[in-house]
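Visitor: Could we go through this structure together, one topic at a time?
Guide: Certainly; here it is.

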Amino acid sequence: MIRNYIIIALLMSTFGGSDLLAQQEWIYTQFGMNLFDCNAAYAGQHETTSLGLRHRQQWTGFEGRPIANLLSVHLPLAKNKIGVGARLMHENIGARQSTSLSGAFAYRLRLKQSTLNFSLIIGFSRMGVNWSKLNVMDQDDAQVGLWQDPRWSTNIGAAIFYTRKNLYAGMEALQLNQADFQNSSFEQQIQLKGILGYHLKVRADDQLQMAALGRWSSIGMWQVEATALYLKNNRIGLGMGYRSQFGAMVLGQIHFSSYFRLGLSYDFSTQATQQLDERSFEIFLGYTMRGEKTKSVRYL
């Protein structure tokens with residue numbers, strides 16, 4: 001019964017329930033393995049073409065749980081003065097299906113001992129309903145007719161990213177235009193994401209990677225998380241983290257080379273609702289192409 005209530009709440013939030021709030025921006029634990037996924041101004045920072053693929057399942061104990069896939073690519077242009085990239089995401093939550101594609105253009109300003117990047121983000125989203133997963137009791141409901149066909153929306157955003165030696169910080173804003181899905185009752189909210197990280201060299205080939213990510217939306221929802229990972233011999237990493245209003249995270253990395261890397265994470269609730277089986281897992285695959293100035297993603 002609890003599962004049914006959660007699915008109903010997700011659907012009602014999609015179809016315009018005025019008193020319900022739902023997750024709009026995808027949550028990801030391993031944001032440190034490819035910072036472009038959470039900050040478009042990072043585009044081109046690897047100084048060669050870089051690709052990333054993520055798969056995440058939230059609340060694995062629930063039927064109709066959020067399942068998301070994200071494919072991203074970014075590369076430098078004009079002697080690393082400019083970066084461009086794209087992010088393609090598909091997500092299923094119950095009967096709701098959404099797909100978004102965004103492109104980013106970043107300009108790198110080189111300072112004396114640091115760099116400051118600015119980015120413009122433009123994209124679109126498509127949202128629809130898989131009616132085969134629903135048992136519609138009232139076929140005359142206006143929302144049923146409204147969502148018989150997929151709806152489209154535009155997205156406009158901006159980002160800034162700063163790095164100095166082993167320190168980085170950035171901010172990304174999405175859905176600045178707050179467009180709806182073709183005059184439907186579902187309006188996109190402004191989403192802000194802030195990142196902060198530091199890589200501390202412990203030994204010649206060991207380092208401690210510390211990172212924090214904060215999210216805020218214009219409807220007042222917010223969340224903060226922090227992680228710490230120890231990377232041994234620049235090859236294998238193991239760490240833990242904590243996400244506010246949720247619980248703990250365990251994450252690991254394997255750098256097979258300077259070009260290919262794998263990340264795994266597992267999230268589990270430590271809140272009072274943990275009996276609801278609020279566990280999540282995520283897998284990340286990254287590949288950085290060989291180039292004359294290829295920069296290892298293990299360093300900033």
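Guide: A charge is said to sit over a ring if NZ of Lys or CZ of Arg is within 6 Å of the ring centre and within 35 degrees of the ring normal. Please note that this is a predicted model.

Visitor: Which ring has the charged end of Arg87 over it?
Guide: That ring belongs to Phe36, and the charged end of Arg87 is 5.4 Å from its centre.

Visitor: And what lies over the face of Tyr28?
Guide: Arg54 does, at 5.7 Å from the ring centre.

Visitor: Is Arg54 buried or exposed?
Guide: Arg54 is buried, because its relative accessible area is 0% and buried means under 20%.

Visitor: Which side chain meets Arg54 in a salt bridge?
Guide: The side chain of Glu282 does, with an N to O distance of 3.0 Å. Glu282 is in strand E14 (residues 279-288) and Arg54 is in strand E1, so this salt bridge ties together parts 228 residues apart in sequence.

Visitor: What about Glu282 itself, buried or exposed?
Guide: Glu282 counts as buried, at 1% relative accessibility. Glu282 also forms a salt bridge with Arg56, where the closest N and O atoms are 2.9 Å apart. That pair again links distant parts of the chain, with Glu282 in strand E14 and Arg56 in strand E1, 226 residues apart. Arg56 is buried too, with a relative accessible area of 2%.

Visitor: Why can such side chains pair at all?
Guide: Side chains of opposite charge can pair when their charged atoms come close.

Visitor: Which residues are linked in the network of salt bridges?
Guide: The network links Asp37, Arg54, Arg56, Arg215, Glu225, Arg243, Asp267 and Glu282.

Visitor: How many salt bridges does a search of the whole structure find?
Guide: The search finds 12. One more example joins the side chains of Arg96 and Glu91, at 3.5 Å from N to O. Both Arg96 and Glu91 are buried.

Visitor: Let us change topic. How many aromatic pairs are found in the whole structure?
Guide: There are five. In one of these pairs, the rings of Tyr42 and Phe161 have centres 5.2 Å apart and planes at 80 degrees, so the arrangement is edge-to-face. Tyr42 is in the loop between helix H1 (2-14) and E1, whereas Phe161 is in strand E6, and the two are 119 residues apart. Tyr42 and Phe161 are both buried.

Visitor: What is the geometry of the Phe124 and Trp152 rings?
Guide: Their centres are 5.7 Å apart and their planes are at 45 degrees, so that pair is tilted. Here Phe124 belongs to strand E5 (residues 115-129) and Trp152 to strand E6, with their positions 28 residues apart in the chain. Phe124 is partly exposed at a relative accessible area of 36%, and Trp152 is partly exposed at 40%.

Visitor: Which residues form the aromatic cluster with Phe161?
Guide: Tyr42 and Tyr168 join Phe161 in one aromatic cluster.

Visitor: Now the core. Which residues of the largest nonpolar core touch the most other members?
Guide: They are Phe31, Leu35, Phe161 and Ile195, out of 23 residues in that core. The elements that contribute two or more residues to this core are E2, strand E4 (96-110), strand E6 (151-164), strand E7 (167-174) and strand E9 (207-217).

Visitor: What does Ile195 touch?
Guide: Setting aside residues up to four places away in sequence, Ile195 touches Leu35, Cys38, Asn39, Phe161, Tyr168, Ala169, Gly170, Ala212 and Leu213.

Visitor: Turning to the backbone, what is phi of Trp59?
Guide: Phi of Trp59 is near 50 degrees, a positive value in a residue other than glycine. Trp59 is placed in the loop between strand E1 (50-57) and strand E2 (67-77). Gln245 also has a positive phi, near 65 degrees, and is in the loop between E11 and strand E12 (247-255).

Visitor: One last residue: where is Arg235 found?
Guide: Arg235 is in the loop between strand E10 (222-232) and strand E11 (236-243). Arg235 is partly exposed, with a relative accessible area of 38%. From Arg235 to Asp205 the C-alpha to C-alpha distance is 8.9 Å, and the two are 30 residues apart in sequence.

Technical notes: Residues are numbered from 1 along each chain as its sequence is written. This is a predicted model: local features need pLDDT of at least 70, side-chain atom pairs count only at pLDDT 80 or more; totals for chains, interfaces and linings use all residues. Side-chain values use heavy atoms; hydrogens and water are left out. Helices (H or I, at least four residues) and strands (E, at least two) are DSSP runs, numbered from the N terminus. Buried means under 20% relative accessible area, exposed over 50%, partly exposed in between (1.4 Å probe, protein chains only). A nonpolar core is a set of buried Ala, Val, Leu, Ile, Met, Phe, Trp, Tyr and Cys residues joined through side-chain atoms within 4.5 Å. Contact means heavy atoms within 4.5 Å. Rings of Phe, Tyr and Trp (its six-membered ring) pair if their centres lie within 6.5 Å; planes under 30 degrees apart count as stacked, over 60 as edge-to-face and the rest as tilted. A salt bridge is a side-chain nitrogen of Lys or Arg within 4 Å of a carboxyl oxygen of Asp or Glu.
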